[in-house]
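Welcome! Please take a moment to look over the model below, and then we can walk through it part by part.

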Amino acid sequence: MYLPDFAYYAPDTKEEAVELLVRSRGTARVIAGGTDLMVKMKQGLLSPEALVSLKNLDGLKEIGTGSGGLFIGSRVTLNELINSPVIQATYPSIAGAAHQMANNQIRHTGTMGGNLVSAVPSADLPPIFIALNARVRVTGPAGEREFPLSDLFLGPGRTSLAPGEILTGVVVPEQKTTGSTYLKFGLRRSGALAVVGVAAAVTMEGPTVKDARIVLGAVAPVPFLAGEAAKTLYGREFTTELAEEAGRVAASECRPISDIRGSAEYRRDLVRVFTRRSLEKAVREGHV
Ligand SMILES: Cc1cc2nc3c(=O)[nH]c(=O)nc-3n(C[C@H](O)[C@H](O)[C@H](O)COP(=O)(O)OP(=O)(O)OC[C@H]3O[C@@H](n4cnc5c(N)ncnc54)[C@H](O)[C@@H]3O)c2cc1C
């Protein structure tokens with residue numbers, strides 16, 4: 001498998017990068033770590049005429065807290081998510097999700113932004129970020145804009161980014177979440193894509209659930225909030241039985257497909273079990 005020919009640009013500013021993408025009229029692609037893109041190019045699924053690297057652009061490797069919350073630049077790698085003291089101190093569930101991904105080589109190169117923009121239904125980072133109410137920042141021909149991450153995903157491999165837009169980062173707003181977690185079921189212990197992924201963020205008031213967000217990955221064309229499952233928890237004392245009930249509701253809310261990694265029925269049952277487990281983990285252990 002050989003790579004097709006392509007032109008390569010490494011602009012120094014975001015404006016130049018946007019200009020190159022706009023001028024290409026859809027024939028150029030952004031490249032970050034390349035772990036997803038290169039595979040698709042080698043497989044002949046994509047053949048862009050040019051690649052626009054983000055490696056020289058300022059600010060895309062930043063991780064920091066400010067008035068808006070926690071900012072994570074789009075070029076932050078999966079290993080940098082895992083090892084960041086700031087993320088470990090604020091939302092270790094993000095580091096926990098990254099830790100369940102791929103293998104060390106891929107985590108060393110693959111980026112957060114690439115994982116989000118690839119819009120693969122089984123991608124591991126979208127569920128935990130959506131559970132934490134994350135917003136994405138993008139820059140493009142019309143300037144900067146920010147919107148909820150859940151609105152980025154339109155379908156497998158399809159996003160709401162306009163032509164020429166680049167994802168610059170993600171903002172996780174400050175919140176009173178008691179605990180959050182992401183649990184994934186893959187067919188191997190490491191390096192396997194999710195058959196099912198469940199993220200939960202729960203806010204407790206004493207023994208009672210005040211708020212909850214449950215996000216399901218790999219069981220619909222896009223990651224989505226299991227709103228009915230979350231509603232079963234509100235205002236009720238948290239118990240294993242309650243978490244199991246929420247799991248059953250989540251299983252009825254998802255729309256899994258059958259494929260090489262598992263049947264729809266198997267996935268539905270995994271959603272039931274992993275929803276219960278992720279809720280229990282989020283509530284009992286706090287951030288993981
Ligand atoms: C062996 C292997 C194992 C893997 N395991 C997992 C896994 O367990 N879980 C998982 O979720 N994924 C997995 N992946 C997929 C992939 O590695 C990750 O999604 C990774 O985070 C992609 O990041 P990247 O920087 O390499 O993206 P790239 O390949 O550089 O880009 C991916 C796509 O996003 C676009 N893009 C990238 N950055 C931006 C940006 N800032 N703005 C606009 N567009 C952008 C590119 O144009 C391209 O379309 C695996 C891949 C391999 C090869």
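## What surrounds the ligand

Let's begin with the ligand and its neighbours. This is a predicted model, and in it the residues of the shell around the ligand divide into 15 nonpolar, 11 polar and three charged. The shell is made of 29 residues, and the closest of them are Gly33, Ala102, Gly110, Gly114 and Asn115.

Which elements supply at least two residues of this shell? They are β2 (28–31), α2 (37–42), α7 (112–117) and β10 (166–172). Of the contributors, α7 gives the most, with four residues. Seen by domain, at least three residues of the shell come from domain 1 (7–52), and at least three come from domain 2 (63–172).

## Three domains along the chain

It helps to have the domains in mind as you look around. The domain assignment of the protein chain gives domain 1 (7–52), domain 2 (63–172) and domain 3 (179–285).

Domain 1 and domain 2 have their C-alpha centres 19 Å apart. Between these two, 12 residues of domain 1 are in contact with 16 residues of domain 2. Helix α1 (residues 14–23) provides five residues, the largest share of the side of domain 1 that touches domain 2. That side of domain 1 divides into six nonpolar, four polar and two charged residues.

## A sheet of five strands

Now for the sheets. Strands of a sheet pair through backbone hydrogen bonds, either parallel or antiparallel.

One open sheet has five strands in the order β4-β5-β10-β6-β7, and its pairing is antiparallel. Why is one side of β4 (63–66) and of β7 (143–148) left without a neighbour in the sheet? These two strands stand at the edges and have a single partner strand each, so one side of each has no neighbour there. From one strand to the next, the twist averages 25°.

At the β4 edge, β4 and strand β5 (residues 69–73) pair in the antiparallel sense over four bridges. Glycine 66 has glycine 69, in β5, as its bridge partner. You have already met one strand of this sheet: β10 has a place in the strand order, and β10 also supplies at least two residues of the shell around the ligand.

## A sheet of four strands

A second open sheet is built from four strands, ordered β11-β12-β13-β14, with antiparallel pairing. Here β11 (179–186) and β14 (224–225) take the edges with a single partner strand each, so each has one side without a neighbour in the sheet.

How many bridges join strand β12 (residues 194–205) and strand β13 (residues 208–217)? These strands pair in the antiparallel sense over nine bridges. Glycine 197 is matched with glycine 217, its bridge partner in β13.

## Helices α10 and α11

A good place to finish is with helix α11 (residues 264–285), which packs with helix α10 (residues 240–253) at an angle of about 145°. The axes of the two helices are 7 Å apart, and the crossing of α10 and α11 is right-handed. On the α10 side, the residues that meet α11 include Thr240, Ala243, Glu244 and Gly247. Among the residues of α11 that meet α10 are Arg268, Asp269, Val271 and Leu279. The residues of this contact divide into seven nonpolar, three polar and seven charged.

Helix α11 also links this picture back to the strands: α11 lies across β11, β12 and β13, running at about 35° to β12.

Notes
Residues numbered from 1 in each chain as written. Predicted model: local features only at pLDDT ≥ 70, side-chain atom pairs only at ≥ 80, totals over all residues. Near = placed C-beta within 6 Å. Nonpolar A, V, L, I, M, F, W, Y, C, P; charged D, E, K, R; others polar. Domains from an automatic or database assignment. Axes fitted to C-alpha atoms, helices over the stretch in contact; angles between N-to-C directions. Left-handed = near helix turned anticlockwise from the far one by under 90°. Contact = placed C-beta atoms within 7 Å. Pairing = 2+ DSSP bridges.
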